[in-house]
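This report introduces one structure to a reader who has not met it before. The sequence and the model are shown first, and the description follows.

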Amino acid sequence: MQEKTIKPWGSYQNLLDCLDCKVKKIIISPSHRPSYQYHFKREEIWVVVKGKGLVTIDDKETLATKGSVIKVPTKAKHRIQNIGDEDLIFIEVQLGTYFGEDDIIRVHDDYKR
């Protein structure tokens, strides 16, 4: 397991990284959100394990709480915002042909990255 990677919105930790998939534990701090983004080479499945989030996929918003499972198709614009008082924690399973961080196309980013 890799060390935690700190981001302006929280952190993530790689739990599994192999040819077929990548699995991350993602923690989003209260009131924060990663960039609104999409990927060409992977889809994602998120399983919320703690907290409350507002999920946006292709401009459609839904609420997510503990036990929610969200599927993000390849090329779908997506993000999740922590709308609770505690950390939002979810497990992200990436499936596809490539899992590099350079397959992130940012549409909007609160942190100007």
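## The cysteine pair

In this predicted model, the cysteine sulfur closest to that of C21 belongs to C18, at 3.7 Å, which is too far for a bond. A disulfide requires the two sulfur atoms to lie within 2.5 Å, so the distance of 3.7 Å between C18 and C21 does not qualify. A search of the whole structure accordingly returns zero disulfides.

The two residues also stand apart in their exposure. C21 has a relative accessible area of 13% and is therefore buried, because the term applies under 20%. C18, with a relative accessible area of 33%, is partly exposed.

## Strands 1, 2 and 3

Strand 1 covers residues 5-7 and strand 2 covers residues 10-17; they run antiparallel and are joined by three bridges. Together strand 1 and strand 2 form a hairpin, with two residues between them. Within this pairing, K7 is placed opposite G10 of strand 2.

Strand 2 is in turn joined to strand 3, residues 21-28, by seven bridges, and these two strands also run antiparallel. The connection between strand 2 and strand 3 is a hairpin through three residues. One of the paired positions is Q13, whose bridge partner in strand 3 is K25.

## Strand 10 and its partners

Strand 3 has a further antiparallel partner in strand 10, residues 88-96, to which it is joined by eight bridges. In this pairing, I28 lies opposite L88 of strand 10.

Strand 10 pairs with strand 5 as well, in the antiparallel sense and over eight bridges. Here K50 faces I89, a residue of strand 10. Strand 10 is thus a partner of strand 3 and of strand 5.

In a regular strand, side chains alternate between the two faces of the sheet.

## A nonpolar surface patch

Strand 5, residues 42-50, contains V47. V47 joins V49 and V69 in a nonpolar patch on the surface, and the three have about 220 Å² of accessible area together.

Why can V47 count towards such a patch? Patch residues must have over 30% relative accessible area, and V47 meets this condition because its value is 31%, which makes it partly exposed.

Terms used: Residues are numbered from 1 along each chain as its sequence is written. This is a predicted model: local features need pLDDT of at least 70, side-chain atom pairs count only at pLDDT 80 or more; totals for chains, interfaces and linings use all residues. Side-chain values use heavy atoms; hydrogens and water are left out. Patches are made of residues with over 30% relative accessible area and no salt bridge: like charges are joined within 9 Å, nonpolar side chains (Val, Leu, Ile, Met, Phe, Trp, Tyr) within 5 Å. Accessible areas come from the Shrake-Rupley method with a 1.4 Å probe; for residues, only the protein chains shown count as cover. A salt bridge is a side-chain nitrogen of Lys or Arg within 4 Å of a carboxyl oxygen of Asp or Glu. Helices (H or I, at least four residues) and strands (E, at least two) are DSSP runs, numbered from the N terminus. Buried means under 20% relative accessible area, exposed over 50%, partly exposed in between (1.4 Å probe, protein chains only). Two strands pair if DSSP finds at least two bridges between them.
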